[in-house]
Amino acid sequence: MSKGQSPVEFIIVVFLFLIILVTIFTTFIAKLNPEIDKAKEQESCLNSDGLAISLLKAPGVPVNWNSSNMEIFSLTNGTEDYIYYDKWLTAKSMEYMNVRVKTIPDASFLLSYQIYAFKPKNSADSCPASGNATVVCRYNLTSLQIKALPSGTNATFNLKMFFPFSTATITDISSESDDIKTTSSANGTIVTLSLHTNATDSDLLNITFSQTNMIFVQSVSYKTAGTANLPVYLGDTSIVDSFGSAGTGVNSYCESERAVSFVDKTGEVFLARFSVLTW
Amino acid sequence: MVMNKKGFFYFVEIALVIFLVTSFFFIFAPRAEITYQKFHDSSDLKKFGFGIMKSLDSRGILLNYIDAADMSKSNFTALRVYINSGLTETTNSQIEYAVNSTNCYSESGNYGNCGLNLNKNTTKEFQVTRVDYTYSKRSDPVTIHLYLWRIL
């Protein structure tokens, strides 16, 4: 005990000192876990940015890799921000873990894309006629058809399309009263569809429109009652698709999104949003 | 007993200062990771917006609707519609076309000073990022300023 201090004062000082220590310690511990999660998020963001660069900017190794000789995974052939559908399909056929070991940087990932714009076409798309899918089929420069094919279970197809500076009209070929089909006008026509299918029911609509140089897919989904995703095609190209691990880290994932050009098997180019989720 | 109060209060004061400084550091000081998340979101939005502009340029949309000789005769409505149609529904935007360092055409075609003009009545805090895309297929290149922010 220091000279000049009474025992009571010393006890008070020690008590205060312990309170300070405990407060600092508990505050630090309380903030430690969230800070660790954020640090992991930061690492995930660096990985998602890095993966987006390696998939969209640089060609893979070899450039025209296939399922048997892939050394480094990429979705482009060297043209920046172009995704090639045949590479996407090949990667999907190889399965996630076989592709993950070929990615730079090494991280768990989930890749997804959605085509958001396409041009009308003066010749008919090659469209699948059956299967658990919905198909947007272009017929010519001023018409397309929506085919919601039997889904094997109860499912709902939602689609919102925008025809800029064009008047679009829906013609019902085969649908039911619970199927919603609306149009609204704002610098063009917005077509909103909500079609219900089941094991036997299919819906068929024609959309005709005045000439436009681009059609936008503002939102699209085809989900079962259990929220499983069913395929949606534009011709024989998936409008929306994903590839990667099914699960994500609890609190430390990060997403990078890019606007890209998407090249189908015939060489036609669509505009797409591409997302890289890593953890 | 004679007490030396000077020594006692020095200790309490120092302990108090340490306590306050430490508390301030843990509670109020900005954390680098939060700043990084904001930076990443902003950077990601900027890259996405640049991709939208690049895609529209490569598809001939800018060529179709930006007048090669007289910017004021451009189809501003069409440009706005095509640019906004590529954005997600959770992203808002404002466009302007810079013809020199101080003067711009707004997204509706009005000529005036450059700069973001958000609704002054809003109390919501926006984290706005700006994409600069220079369109050079005309005698005087025009830089398109695309302001983007999330509306979650």
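Let us begin where the two chains meet: the contact draws 31 residues from chain B and 37 residues from chain A, where two residues are in contact if their C-beta atoms, placed from the backbone, lie within 7 Å. On the chain B side, helix H1 (5-27), helix H2 (32-58) and helix H4 (76-85) each supply at least two of the residues that touch chain A. Helices (H or I, at least four residues) and strands (E, at least two) are DSSP runs, numbered from the N terminus. H2(B) gives the largest share of that side, twelve residues. By type, the side of chain B that touches chain A holds 16 nonpolar, eleven polar and four charged residues; here Ala, Val, Leu, Ile, Met, Phe, Trp, Tyr, Cys and Pro count as nonpolar, Asp, Glu, Lys and Arg as charged, and the others, Gly among them, as polar.

A word on how to read this model. It is predicted, so local features need pLDDT of at least 70 and side-chain atom pairs count only at pLDDT 80 or more, while totals for chains, interfaces and linings use all residues. Residues are numbered from 1 along each chain as its sequence is written, and chains are lettered from A and ligands numbered from 1 in the order in which they are written.

Now turn to chain A, which has three helices and 15 strands. Its radius of gyration, taken over C-alpha atoms, is 27 Å, well over the 19 Å that the globule rule gives for 279 residues, so chain A is more spread out than a compact globule. That rule is 2.2 Å times the number of residues to the power 0.38. Along its principal axes, the C-alpha trace of chain A spans about 100 × 50 × 40 Å.

What lies inside? Buried residues make up 37% of the 279 residues in chain A; a residue is buried if 20 or more other C-beta atoms lie within 10 Å of its own, with C-beta atoms placed from the backbone. A nonpolar core is a set of buried Ala, Val, Leu, Ile, Met, Phe, Trp, Tyr and Cys residues joined through C-beta atoms within 7 Å. The largest has 87 residues, of which A:Ile83, A:Ile115, A:Ile239, A:Phe262 and A:Ala272 touch the most other members. Strand E2 (residues 109-118) of chain A brings the largest share of this core, seven residues.

Finally, consider confidence, or pLDDT, which the predictor gives for each residue from 0 to 100. Chain B has a mean pLDDT of 83, with confidence lowest in H1(B), at a mean of 71, and highest in H4(B), at 95.

Technical notes: A residue is buried if 20 or more other C-beta atoms lie within 10 Å of its own, exposed if 12 or fewer, and partly exposed in between; C-beta atoms are placed from the backbone.
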